[in-house]
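Work through the exercises below with the sequence and the model open side by side. Try each task before reading its solution.

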Amino acid sequence: MYAIIEESGGQRKIAEGEQFLIDLHNGGEANSGDSITFDKVLVVGEVGGDAKVGTPYVDGASVTVE
C-alpha cells in the first residue's frame with residue numbers, strides 16, 4: 001500500500017515499511033519513535049492496483065508514521 005500525503009507544503013509518496021525523513025514537527029520537540037499522523041492524504045492505493053484519489057483529500061484517510 002502507498003499514499004501521497006501533503007507535508008510541509010509539498011507532496012510526498014510514502015509506502016508501508018519505508019523509511020524517510022520529514023521536516024520538524026511539534027515545534028521541533030518530536031523524538032525518534034514518536035507517532036505523527038498526517039490527515040492531508042491526496043491518494044491511497046495498492047501497488048499495481050486501484051488507487052483512491054481525493055478532491056483534494058481522500059475523505060476519512062490518514063497516515064500514521066513513527
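The exercises go from the overall fold to the sheet, then to single residues and the pocket.

**Ground rules**

This is a predicted model, in which local features need pLDDT of at least 70, side-chain atom pairs count only at pLDDT 80 or more, and totals for chains, interfaces and linings use all residues. Residues are numbered from 1 along each chain as its sequence is written, and side-chain values use heavy atoms, with hydrogens and water left out.

**Exercise 1. Set out the secondary structure and the overall dimensions of the protein chain.**

Solution.
- Step 1: Assign the elements. Helices (H or I, at least four residues) and strands (E, at least two) are DSSP runs, numbered from the N terminus.
- Step 2: Count them. The protein chain has zero helices and six strands. Along the sequence the pattern reads β-β-β-β-β-β.
- Step 3: Box the C-alpha atoms along the principal axes. The box is roughly 35 × 25 × 20 Å.
- Step 4: Sort by accessibility. Buried means under 20% relative accessible area, exposed over 50%, partly exposed in between (1.4 Å probe, protein chains only). Of the 66 residues in the protein chain, 24% are buried.

**Exercise 2. Derive the strand order of the open sheet of four strands.**

Solution.
- Step 1: Fix the criterion. Two strands pair if DSSP finds at least two bridges between them.
- Step 2: Start with E1 (residues 2-7) and E2 (residues 10-15). Six bridges pair them in the antiparallel sense. Tyr-2 faces Ala-15 in E2. Ala-3 has Ile-14 as its bridge partner in E2. Ile-4 is opposite Lys-13 in E2.
- Step 3: Inspect the connection. E1 and E2 make a hairpin with two residues between them. Ser-8 is in the loop between E1 and E2. Its phi is positive, near 55°, in a residue other than glycine.
- Step 4: Go to the next partner of E1. E4 (residues 41-45) runs antiparallel to E1, joined by four bridges. Ile-5 is opposite Val-41 in E4.
- Step 5: Assemble. The order is E2-E1-E4-E5, with antiparallel pairing, in an open sheet. E2 and E5 (51-53) stand at the edges with a single partner strand each, so one side of each has no neighbour in the sheet. The twist averages 20° from one strand to the next (axes are lines fitted to C-alpha atoms, for helices over the stretch in contact; angles run from 0 to 180 degrees between N-to-C directions).

**Exercise 3. Is Tyr-2 buried or exposed, and what sits over its ring?**

Solution.
- Step 1: Locate the residue. Tyr-2 is in strand E1.
- Step 2: Check accessibility. Tyr-2 has a relative accessible area of 14%, so the residue is buried.
- Step 3: Test for a charge over the ring (NZ of Lys or CZ of Arg within 6 Å of the ring centre and within 35 degrees of the ring normal). The charged end of Lys-13 sits over the Tyr-2 ring, 4.8 Å from its centre.
- Step 4: Look across the chain. Tyr-2 and Gly-45 are 43 residues apart along the chain, yet their C-alpha atoms are separated by 5.5 Å.

**Exercise 4. Place Gly-27 and classify its accessibility.**

Solution.
- Step 1: Gly-27 is in the loop between E2 and E3 (36-38).
- Step 2: Its relative accessibility is 74%, so Gly-27 counts as exposed.
- Step 3: Compute a distance. The C-alpha atoms of Gly-27 and Ala-15 are 25 Å apart, with these positions 12 residues apart along the chain.

**Exercise 5. Which residues join through a cis peptide bond?**

Solution.
- Step 1: Read omega. Thr-55 and Pro-56 are joined by a cis peptide bond, with omega about 0°.
- Step 2: Place the bond. Pro-56 lies in the loop between E5 and E6.

**Exercise 6. Which elements line the largest pocket?**

Solution.
- Step 1: Take the volume. The largest pocket holds about 550 Å³ of space. A pocket is an open set of points on a 1 Å grid over the protein atoms alone, where a 1.4 Å probe fits, with protein on both sides within 12 Å along at least five of seven lines; lining residues have an atom within 4 Å of a point.
- Step 2: List the lining. Of its 29 residues, the closest to the centre are Phe-20, Ile-22, Ile-36, Val-65 and Glu-66.
- Step 3: Group by element. E1, E2, E4 and E6 (63-65) each give two or more residues. E6 gives the largest share, three residues.

Methods:
Grid points are joined across faces, edges and corners, and a volume is the space filled by probe spheres set on the points.
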